[in-house]
Amino acid sequence: MGIELLEHERIDELQRNGYRIIQNEKKFCFGMDAVLLSGFALVEKGERALDLGTGTGIIPLLLEAKTLGEHFSGLEIQEEMAGMARRSVALNGLEEKIAIVTGDLKEASKIFGRASFDVVTCNPPYMNQNHGFKNPEEPKAVARHEILCTFEDVAREAAAVLKPGGRFYLVHRPHRLLELFETLRRYRLEPKRVKFVHPFVTAEANMVLVEAFRGGRPQMRVEAPVVVYERSGVYTREIHEIYGY
């Protein structure tokens, strides 16, 4: 299928079902955090999933490839990114399975309706206004810093669009974990499963994966951690399995 590529865009292989994705190296390319989230999230047969702040659509694409979910939606505020994601969906012939919607994450419940999804995923901006240097290139800045939304916006809207008992999956930074838990519980999203990600077995965790249930009872399981590298430049077996090669 002929898909138009714009300046600085390229097509990358996803190592899953022969799927490919369009990316722009000058704007934003997906990272390992999105791939890890797609390996952590569970979407069961017949379920419908929404990815908040989907960017290039990487998480809906990978979840469609890895799970038996019925339908996947992605919400993205930046039209340029949403357009790129739609072209990737078309590139893979997945228009019937994946819908990319342009809109504000803070209005997700108005756009899709309340209690309309079984699963919500999000790879939110990690840095709030007190952390880090804001990249002057807007797409990267929006992806990495809480410029257009806060984590409270994410939790509120995830809770609103989830069905009772629905599941919310996110990846974030460990230094904000206490804040994440407090915010999730404020919106009756009970943390149930946590997995830390370490670059090396001897290094501190630099990412954390969280599963929360809407209206769940307080009981949380901390799973065995993910270690990314056996040694410099060499991925562990688990990372190879998550990536699919």
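## Helix α1, Glu223, a cavity and two cysteines

Helix α1, which spans residues 32-40, is mostly covered, since 8 of its 9 residues are buried. The model is a predicted one, and the burial described here is a computed property of it. The buried residues of α1 are Met32, Asp33, Ala34, Val35, Leu36, Leu37, Ser38 and Phe40. An α-helix has 3.6 residues a turn, so residues three or four places apart point the same way.

Phe40, one of the buried residues of α1, leads on to Glu223, because Phe40 is among the residues that Glu223 contacts beyond its neighbours within four places in sequence, the others being Arg193, Val194 and Lys195. Glu223 is placed in the loop between β10 (221-222) and β11 (226-227), and at 18% relative accessibility this loop residue counts as buried, the limit for that class being under 20%. The side chain of Glu223 makes a polar contact with the side chain of Lys195 at 3.5 Å, and another with the side chain of Arg221 at 3.0 Å.

Elsewhere, the structure holds 1 cavity of 30 Å³ or more, and the volume of the largest cavity is about 30 Å³. The lining of the largest cavity is formed by Ala49, Leu50, Asp51, Ile59, Pro60, Leu63, Phe72, Ser73 and Thr121. Three elements, β3 (48-52), α2 (58-66) and β4 (71-76), each supply at least two residues of this lining. By residue class, the lining of the largest cavity divides into 6 nonpolar, 2 polar and 1 charged.

The cysteines complete the account. The structure holds 0 disulfides, and Cys122 is in no disulfide, with the nearest cysteine sulfur, that of Cys149, lying 6.9 Å away. Why is the sulfur of Cys149 without a bond to that of Cys122? The sulfur of Cys149 is 6.9 Å from the closest cysteine sulfur, which belongs to Cys122, and this is too far for a bond, given that a disulfide requires the two sulfur atoms to be within 2.5 Å. Cys122 is buried, with a relative accessible area of 2%, and Cys149 is also buried, with a relative accessible area of 12%.

The relative accessible areas of the three residues discussed individually are set out below.

| Residue | Relative accessible area | Class |
|---|---|---|
| Cys122 | 2% | buried |
| Cys149 | 12% | buried |
| Glu223 | 18% | buried |

Conventions: Residues are numbered from 1 along each chain as its sequence is written. This is a predicted model: local features need pLDDT of at least 70, side-chain atom pairs count only at pLDDT 80 or more; totals for chains, interfaces and linings use all residues. Side-chain values use heavy atoms; hydrogens and water are left out. Buried means under 20% relative accessible area, exposed over 50%, partly exposed in between (1.4 Å probe, protein chains only). On a 1 Å grid over the protein atoms alone, a cavity is a set of points where a 1.4 Å probe fits but cannot get out, and a pocket is an open set with protein on both sides within 12 Å along at least five of seven lines; lining residues have an atom within 4 Å of a point. Grid points are joined across faces, edges and corners, and a volume is the space filled by probe spheres set on the points. Helices (H or I, at least four residues) and strands (E, at least two) are DSSP runs, numbered from the N terminus. Ala, Val, Leu, Ile, Met, Phe, Trp, Tyr, Cys and Pro count as nonpolar, Asp, Glu, Lys and Arg as charged, and the others, Gly among them, as polar. A polar contact is a pair of N or O atoms within 3.5 Å; within protein, one must be able to donate a hydrogen and the other to accept it, and residues adjacent in sequence count only if both atoms are side-chain atoms. Contact means heavy atoms within 4.5 Å.
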